[in-house]
Amino acid sequence: MPTHALPAPEEVAGLIAPLEALEGPLLPMLHRVQETYGYLPQTAHDPLCKAAGITRAELAGVISFYHDFKDAPQGRHVLRICRAEACQSMGGAGLAERLLAKLGLDWHGTTPDGRVTVEPVYCLGLCACAPAVMVDDTLVGRADEARVASALAEVRA
Ligand code: FES
């Protein structure tokens, strides 16, 4: 289980050192750090730049390019709301607005108690049952507020 403690730069340096010999080591290093801490803490930036031989600006570019990399701790549960076409045409945008308002969040936001993070996704492969959302690993088709609330309750979010 990843923790959200802020690690010392030396600890991160030790964690990624074995990967330095790889060709193109940056992505494996980023994955290793995120798997360990649950996100990419600020204290990991300098060791990553040093090990990969890149600037902080280059690192920021890579982190923002890949949506899977998180620069802040995630909630214990992730609610992914589909924003692709089929779901949009079936009321997905309105549903997303209502869910975000209910949770008091913006996209990528996490509730203050750390329960839920909301992420946009672009097709969950459930277009025939649009609008679709996903609560952790559970897909919810023909989603509405009640079905999402029930899926969140099932994971005790
Ligand atoms: S468009 Fe939403 S699941 Fe495919």
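Which side chain does a polar contact of 2.6 Å join to that of Glu 119? Keep that in mind while we get our bearings. What you're looking at is a predicted model, and we'll walk through it by way of three residues.

Let's start with Glu 119 itself. You'll find Glu 119 in strand β2, which covers residues 116-121. The partner we asked about is His 108: its side chain and that of Glu 119 are the two joined by the polar contact. Glu 119 has a relative accessible area of 6%, so it counts as buried, the cut-off being under 20%. Setting aside residues within four places in sequence, Glu 119 touches a whole string of others, including Lys 70, Gln 74, Val 78, Arg 80 and Trp 107.

Now over to the cysteines. In an unreviewed entry, UniProt lists Cys 82, Cys 87, Cys 123 and Cys 127 under "binding site". These four are spread over 46 residues of sequence, yet they cluster in space, with a largest C-alpha distance of 9.4 Å.

Take Cys 82, which sits in strand β1, residues 77-82. Cys 82 is buried, at 4% relative accessible area. Beyond four places in sequence, Cys 82 touches Cys 87, another of the listed cysteines, and also Cys 123, along with Val 121, Tyr 122, Leu 124 and Ala 132.

Cys 87, for its part, belongs to helix α5, residues 85-89. With 3% relative accessibility, Cys 87 is buried too. Apart from its neighbours within four places in sequence, Cys 87 is in contact with Cys 82, Gly 92, Ala 130, Pro 131 and Ala 132. Ala 132, then, turns up as a contact of Cys 82 and of Cys 87.

Note on methods: Residues are numbered from 1 along each chain as its sequence is written. This is a predicted model: local features need pLDDT of at least 70, side-chain atom pairs count only at pLDDT 80 or more; totals for chains, interfaces and linings use all residues. Side-chain values use heavy atoms; hydrogens and water are left out. UniProt positions are given in the numbering used here, feature names are shortened, and annotations may be inferred rather than shown by experiment. Helices (H or I, at least four residues) and strands (E, at least two) are DSSP runs, numbered from the N terminus. Buried means under 20% relative accessible area, exposed over 50%, partly exposed in between (1.4 Å probe, protein chains only). Contact means heavy atoms within 4.5 Å. A polar contact is a pair of N or O atoms within 3.5 Å; within protein, one must be able to donate a hydrogen and the other to accept it, and residues adjacent in sequence count only if both atoms are side-chain atoms.
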